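Below, a short series of questions and answers works through the geometry of one protein model, from its loops to its open and enclosed spaces.

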Amino acid sequence: MRILAIESSCDETAAAVVVDGRWMRSNVVASQAELHAETGGVVPEVAARAHLRQLIPVARRALRDAECGWDELDAIAATAGPGLPGALVVGLNAARGMAYARGLPLIPVDHIEGHVRANWLDADPPPLPAIALVVSGGHTELLLMTEAGTFERLGGTRDDAAGEAFDKVARLLGLGYPGGPEVSQLAATATERRFRLPRAWLRGNDDFSFSGLKTAVLHAVEARVESAGAPAAAEIAWAFEESVADVLSRKLVAAAEREGVASVLVAGGVAANRRIRERVRERSPLPVFIPPPALCTDNAAMIGAAADVHPEAMVAPEAALDIDPTPYRSRGSSTRS
Ligand code: KG4
Ligand code: ZN
């Protein structure tokens with residue numbers, strides 16, 4: 001299938017043309033980062049309005065880059081959730097309008113599944129079953145993928161998402177938005193690498209917690225203001241990144257070994273993190289798949305890749321269809337209790 005995919009769940013307006021869920025013919029991402037940098041985070045209403053302005057030009061550009069005409073498409077896909085409701089409404093309905101105008105079917109896609117599926121783009125496909133860790137600004141999910149399109153949720157964060165922790169720590173350290181890349185760059189400049197921050201192992205299950213770590217960063221930052229011998233900002237950033245990379249990699253690899261899967265996948269914006277990529281690769285005895293950084297952060301190619309494995313979700317554009325902004329509800333998924 002040749003699919004035009006649209007992504008608008010948070011602060012990137014994106015469109016891509018993907019063939020057979022594997023081959024990326026174009027991938028256009030219009031980031032709103034500058035817009036949200038002023039407020040230090042995403043204001044949902046501002047994001048929705050920006051999507052409204054960007055969506056049509058971005059979709060046209062994706063078709064142009066792919067040298068693909070409307071009549072060469074087999075379907076249009078769009079993120080239906082999870083995400084910011086206003087932002088999702090804009091993207092899903094724009095996709096619906098395009099599908100209606102061109103007589104094409106529409107495929108609603110789960111954003112989390114999209115992140116996982118980025119591992120199938122322009123690369124050797126990972127063998128299944130697999131364990132997938134999705135770490136983004138809104139999610140930290142550990143999933144068992146038994147076959148294409150079928151997931152069992154093993155665990156996830158009990159408080160902050162991994163990316164949210166990076167963004168909050170960036171703010172505590174006086175850095176900009178989005179915080180992940182900034183914290184990582186500062187961490188790389190640390191000369192003294194001794195300061196240690198806590199790790200929440202939550203033993204005996206596949207859940208994560210980052211709020212205690214965030215509080216520990218706050219205390220370290222306050223100590224810095226009060227005493228000359230306290231760790232420098234770069235050391236705090238380094239210790240924070242080490243703690244997150246340590247917990248994510250160990251728990252991911254432990255789950256993979258326990259479940260006896262064939263491969264380990266990492267996805268989502270935080271998977272762009274160099275130290276996390278390194279740690280997972282160091283520790284996993286199983287083959288590790290992580291998309292290139294540009295396909296870890298939000299994009300539409302991943303939505304096109306996920307749409308391809310869900311032909312059963314295809315609907316006519318005039319069908320009753322709504323956004324699904326609530327977290328984790330991939331079609332066919334279940335939660336282990
Ligand atoms: O997947 P994504 O683009 O959007 C969501 O679905 O949330 O993830 C965005 C998150 C942000 O929290 C951002 O700070 C984080 O991914 N991020 C990173 C890095 N690049 C992006 N975190 C750590 N290290 C990075 N290099
Ligand atoms: Zn995302």
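Q: Where does D20 lie?
A: The model is a predicted one, and its backbone at D20 has a phi near 55°, a positive value in a residue other than glycine. As for its place along the chain, D20 lies in the loop between β2 and β3.

Q: In what order do the five strands form the open sheet?
A: The pairing in this sheet is mixed, and neighbouring strands are turned by 20° against each other on average when direction is ignored. β3 (23-31) and β5 (106-110) each pair on one side only, which makes them the edge strands. Read across the sheet, the order is β3-β2-β1-β4-β5.

Q: Which residue of β3 is the bridge partner of A16?
A: Strands of a sheet can pair through backbone hydrogen bonds in a parallel or an antiparallel manner. Strand β2 (residues 12-19) and β3 run antiparallel, and eight bridges join them. In β3, the partner bridged to A16 is N27.

Q: What angle does the direction of helix α3 make with that of β4?
A: Two helices that pack on the sheet can be described in turn. Helix α2 (residues 44-65) touches β1 (2-7), β2 and β3, and its direction makes about 25° with that of β2. Helix α3 (residues 85-102) touches β1, β4 (75-81) and β5, and its direction makes with that of β4 an angle of about 160°.

Q: Which side chain meets that of R61 in a salt bridge?
A: Side chains of opposite charge can pair when their charged atoms come close. The structure holds 18 salt bridges, and one of them has an N to O distance of 3.4 Å, within the 4 Å cut-off. Both of its residues lie in helix α2, four residues apart, about one turn of the helix, and the partner of R61 is D65.

Q: Which loop holds P129, the residue that follows L128 across a cis peptide bond?
A: Cis peptide bonds are described at two prolines: the bond from G81 to P82 has omega near -10°, and P82 is found in the loop between β4 and α3. The bond from L128 to P129 is also cis, with omega near 0°. P129 itself lies in the loop between α4 and β6 (130-135).

Q: Which element gives the largest share of the lining of the largest pocket?
A: The largest pocket has a volume of about 1,000 Å³, and of the 39 residues that line this pocket, the closest to its centre are S136, G137, G138, D167 and Y177. The elements that give two or more residues to the lining are α4 (111-117), α5 (162-172) and α6 (179-188). With six residues, the largest share comes from α5.

Q: How many residues of the lining of the largest pocket are polar?
A: The lining of this pocket can be divided by residue class, with 14 residues counted as nonpolar and eight as charged. The polar class, in which Gly is counted, has 17 residues.

Q: How many residues of the lining of the largest cavity are charged?
A: The count comes to one cavity of 30 Å³ or more, and about 30 Å³ of space lies in the largest cavity. Its lining is made up of P198, R199, A200, S209, F210, L213, S243 and V247. Five of these residues are nonpolar and two are polar, while the number that are charged is one.

Definitions and conventions:
Residues are numbered from 1 along each chain as its sequence is written. Chains are lettered from A and ligands numbered from 1 in the order in which they are written. This is a predicted model: local features need pLDDT of at least 70, side-chain atom pairs count only at pLDDT 80 or more; totals for chains, interfaces and linings use all residues. Side-chain values use heavy atoms; hydrogens and water are left out. On a 1 Å grid over the protein atoms alone, a cavity is a set of points where a 1.4 Å probe fits but cannot get out, and a pocket is an open set with protein on both sides within 12 Å along at least five of seven lines; lining residues have an atom within 4 Å of a point. Grid points are joined across faces, edges and corners, and a volume is the space filled by probe spheres set on the points. Two strands pair if DSSP finds at least two bridges between them. Axes are lines fitted to C-alpha atoms, for helices over the stretch in contact, and angles run from 0 to 180 degrees between N-to-C directions. Contact means heavy atoms within 4.5 Å.
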